[in-house]
Structures are given as C-alpha cells and as structure tokens.
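Student: I am new to this structure. Please take me through one part of it closely, then show me what lies around it.

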Amino acid sequence: MRIGPHQLASPVVLAPMAGVTNVAFRTLCREQERERMGTVAGLYVCEMVTARALVERNEKTMHMTTFADDEDPRSLQLYTTDPEWTYEAAKMIVDENLADHIDMNFGCPVPKVTRRGGGSALPYKRRLFGNIVAAAVRATEGTDIPVTVKFRVGIDDDHHTHLDAGRIAADQGAVAVALHARTASQRYSGQADWSQIARLKEHMVDSGHASVPVLGNGDIFAAGDARRMMAETGCDGVVVGRGCLGRPWLFAELSAELRGLPVPAPPTLAEVAAIIRRHAGLLVEHEGERKGCRDLRKHVGWYLRGYPAGSEVRSSLARVATLAELDEVLAPLADGPHAGALPDDADGARGRQGSPGKVVLPEGWLDDPEDETVPEGADLMHSGG
C-alpha cells in the first residue's frame with residue numbers, strides 16, 4: 001500500500017491513541033515486527049497533538065512529537081478545527097522537518113471534544129471540513145509530506161458523514177482516508193459496522209477517487225480479523241487501535257497474515273516479561289523513571305491478559321515506581337513454573353468500551369451543514385497535548 005511517496009510493505013497502520021502511542025510504544029512495536037518478521041513493514045503514527053498547541057510550542061506538545069532516530073516514515077497526527085491554525089501547524093512541520101506524514105483526526109467522540117464542534121462532530125460541517133483539509137495540503141504543497149484523514153461513520157445513525165468526508169478530503173488533496181466504522185454516538189461500544197467501510201470504498205471509486213486508498217478501522221483484535229475486513233469490504237489497508245494494547249507483537253502477526261507468510265507464535269509468559277521490561281526502559285528514556293514507571297502501570301493488565309500470572313504479581317506490577325522494583329516483580333514470571341505458558345483467550349476487545357450515548361454538540365450545530373464558521377474555543381480544547 002502506498003501513502004503518497006511512502007510505499008508500505010504491509011497495509012497495517014497503528015492508530016494514534018492518547019497516552020499510548022508515544023515514541024516508547026512505537027519503538028517497541030517496530031522492534032517486535034523486526035524481530036519476528038525480519039523487517040518493519042507497517043506505519044506507526046504518533047499520538048495526536050493539537051495544531052494550535054504545536055504552533056505555540058507548548059512544552060508538552062513538543063515532547064509528544066519525539067520520534068526515534070530510525071523511525072521512517074515519521075507520522076504525526078493533528079487535531080484541529082481551524083484552517084488557519086491547521087496551515088500554520090502543517091507549515092511548521094514542513095519548515096522544521098518535524099514529520100514525514102501528516103494524519104488529521106476527525107474521529108474523536110468524547111463529549112469534551114464534540115461539544116465544541118471538534119473531532120467526529122466536525123465533518124458534518126462540509127465546507128469547514130474541506131477548508132481544514134485544504135489548508136494542510138496547501139502548506140505541504142511541493143513537499144514529500146502527504147496528508148491523510150481519519151473520521152467516523154458520522155455523528156449518529158441519523159447523521160452519517162463518512163461518504164461526503166471521504167470525497168471532500170480527496171477533492172482537497174488528501175492521499176488516503178481511514179474510517180472507524182462506528183458513529184460518534186457508539187463511542188467504542190458495540191460492534192463496528194464494516195459494511196460502511198465497503199460503502200466508502202465504493203463511493204470513492206464512483207466519485208472518481210479510485211486511486212485514493214481507503215483504510216478500515218474497528219474491531220481488529222487478531223490477524224484473521226484484518227484479513228476478513230479486507231476481504232469483506234475491499235479496503236486497501238487496516239488501522240489497528242485497541243487490539244494492540246498490551247500486544248505490540250500484533251503487528252508482526254498482521255504483517256505475516258496479510259503478506260501470506262507464516263504467522264509467528266505469540267510470546268510465552270517469560271517473553272512477555274522481557275517485553276514489559278523493554279517497554280519500561282523505553283518509557284524511562286522518554287519520560288524519566290518516575291513518570292515512565294507510572295505510565296507503564298496502565299499497560300500491565302493488557303500485557304498479562306490470558307496469561308497465568310496471578311493476582312499478586314498483577315497487583316504488584318500496578319504499583320511499581322522504579323525499574324529495580326519492576327525487575328523484582330518480573331523475576332518469577334521469567335523463571336517460574338509458568339514461564340513457558342502461552343496466552344489463553346487473549347483476543348477480543350481491549351481498552352475503553354463504555355456505552356453508547358447522545359453526542360453533545362454546540363447549540364445549533366446541525367442547523368446548517370454548509371456553515372464554515374470556525375467553532376469557538378475548540379482549538380483550545382487540547383492545547384498542551
């Protein structure tokens with residue numbers, strides 16, 4: 001699959017996830033793919049940053065744009081609601097060589113974002129959406145930095161926006177589009193509707209954009225899921241989010257499955273312990289020991305799902321504050337009686353799921369889809385990250 005000038009050997013993309021897909025996790029995923037498959041074939045996207053916060057050089061935001069020396073391509077996702085801030089941020093990325101690919105987030109469903117017209121609420125405003133995509137493309141014109149766009153099916157079942165969003169994004173110069181096959185009202189609950197990915201693919205072809213890759217996102221928890229999504233929908237690639245939580249080796253499995261190669265076996269408990277230790281070391285390099293060990297805690301339950309680790313070890317891992325403490329707790333996993341154990345029923349939904357709910361929108365948001373007025377205050381929502 002090709003994303004602008006970037007030819008990917010595997011049509012698999014890591015979805016940006018706040019607080020997860022920092023340089024430490026991306027490095028770990030790439031290391032696992034290289035170790036198990038001999039090469040890095042997919043695309044690994046940095047966690048989302050806000051356009052305005054980037055332009056204002058917010059300290060936290062700048063730290064979030066850290067890439068490893070060997071990351072290629074360097075992929076950065078922008079959250080934005082304003083064409084002017086979008087242009088300034090994209091131009092800054094170009095001028096300061098901050099990334100090799102810009103992805104744009106129009107899929108966030110959380111109330112604090114949609115109530116200000118951001119995230120998955122914004123594509124309903126077709127002209128504003130088009131203006132934002134056009135601004136990013138204009139800022140990168142004449143460079144090798146492609147712009148891609150990610151969005152949801154729509155606000156709810158009465159307000160689907162994905163077909164218009166895909167066509168408009170391509171009209172304005174986006175080189176690929178990705179669809180999370182849920183509405184904003186679903187949030188992360190229920191089942192993704194893959195038929196909407198197929199509809200988008202057909203619509204892109206019918207609207208004269210057959211050359212623009214369509215990527216599918218939603219409910220890919222195992223290698224076979226990716227193969228099935230591509231077969232059922234005709235999409236050109238897959239975007240993996242929650243399915244890789246605690247499983248950085250999943251990308252090697254996906255790469256193998258989609259390239260027709262033998263799928264590597266999952267790691268043993270002892271190997272998982274080593275991966276957890278490596279993740280911790282990378283986090284400490286990026287954030288310092290105190291914060292790095294604290295950030296690791298949220299990953300522990302995901303890593304040990306399906307493994308016979310025991311409640312005492314799990315509880316201790318969720319409290320570690322130093323690498324020395326971590327080494328002490330991990331030792332029984334690496335050398336104990338279950339060190340060679342493989343996971344039991346480790347597939348399935350991971351991370352946040354929650355319940356569906358009414359989407360909170362700015363007053364009068366649904367009155368005029370052609371209104372291109374920039375929503376007030378939305379660009380400040382995530383200033384600082």
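What volume does the largest cavity have?

Tutor: The largest cavity has a volume of about 150 Å³. Keep in mind that this is a predicted model. A search of the whole structure finds one cavity of 30 Å³ or more.

Start with its walls. The lining of the largest cavity is made by 18 residues. Nearest its centre lie Val13, Asp103, Thr148, Ala178 and Leu215. Four strands each give two or more residues to this lining: E3 (12-14), E7 (101-106), E8 (147-156) and E10 (176-183). By character, the lining residues divide into 13 nonpolar, three polar and two charged.

Now follow strand E7 outward from the cavity. Phe106 lies in strand E7, and Phe129 lies in helix H6 (residues 126-139). Their rings form an edge-to-face aromatic pair, 4.9 Å centre to centre, with 70° between the planes. The two residues are 23 apart in sequence, so the pair ties together separate parts of the chain. Both Phe106 and Phe129 are buried.

That pair is one of three aromatic pairs in the structure. Another joins Trp249 and Tyr303. Here the ring centres are 6.4 Å apart and the planes meet at 40°, so the pair counts as tilted. Trp249 sits in the loop between strand E12 (237-240) and helix H10 (250-258), while Tyr303 belongs to helix H12 (residues 289-304). This pair ties together parts that are 54 residues apart in sequence. Trp249 has 4% relative accessibility, so it counts as buried. Tyr303 is at 1% and is buried too.

Next, look at the loop between helix H4 and strand E7. Asp100 lies in that loop, and its partner Arg74 lies in the loop between helix H3 and strand E6 (75-79), 26 residues apart. The two form a salt bridge, with the closest N and O atoms 2.9 Å apart. Asp100 counts as buried because its relative accessibility is 18%. Arg74 is buried as well, because its relative accessible area is 16%.

Glu96 is in the loop between helix H4 (83-95) and E7 too. Its side chain meets that of Arg57 in a salt bridge of 2.2 Å, N to O. Arg57 comes from the loop between helix H2 (51-55) and helix H3 (59-64), and 39 residues separate the partners. Arg57 is partly exposed, because its relative accessibility is 45%. Glu96 is also partly exposed, with a relative accessible area of 35%.

A further salt bridge brings together the side chains of Arg52 and Glu56, at 2.8 Å from N to O. Arg52 is partly exposed at 21%. Glu56 is partly exposed at 40%. The structure holds 21 salt bridges. Some share partners: Arg126, Arg127, Asp164, Arg167 and Glu370 are joined into one network.

Finish with charges over rings. The charged end of Arg152 sits over the ring of Tyr188, 4.9 Å from the ring centre. Lys125 places its charged end over the ring of Trp365, 4.8 Å from the centre.

To retrace the route, go back to the cavity and its 18 lining residues. Then take E7 to the buried Phe106 and Phe129. From there, visit the salt bridge of Asp100 with Arg74.

How values were computed. Residues numbered from 1 in each chain as written. Predicted model: local features only at pLDDT ≥ 70, side-chain atom pairs only at ≥ 80, totals over all residues. Heavy atoms only, no water. 1 Å grid on protein atoms, 1.4 Å probe; cavity = no way out; pocket = protein on both sides within 12 Å on 5 of 7 lines; lining within 4 Å. Points joined across faces, edges and corners; volume = space filled by probe spheres on them. Nonpolar A, V, L, I, M, F, W, Y, C, P; charged D, E, K, R; others polar. Salt bridge = Lys/Arg side-chain N within 4 Å of Asp/Glu carboxyl O. Buried < 20%, exposed > 50% of the residue type's maximum accessible area, 1.4 Å probe, protein only. Phe/Tyr/Trp six-rings, centres within 6.5 Å; stacked < 30°, edge-to-face > 60°. Lys NZ or Arg CZ within 6 Å of the ring centre and 35° of its normal.
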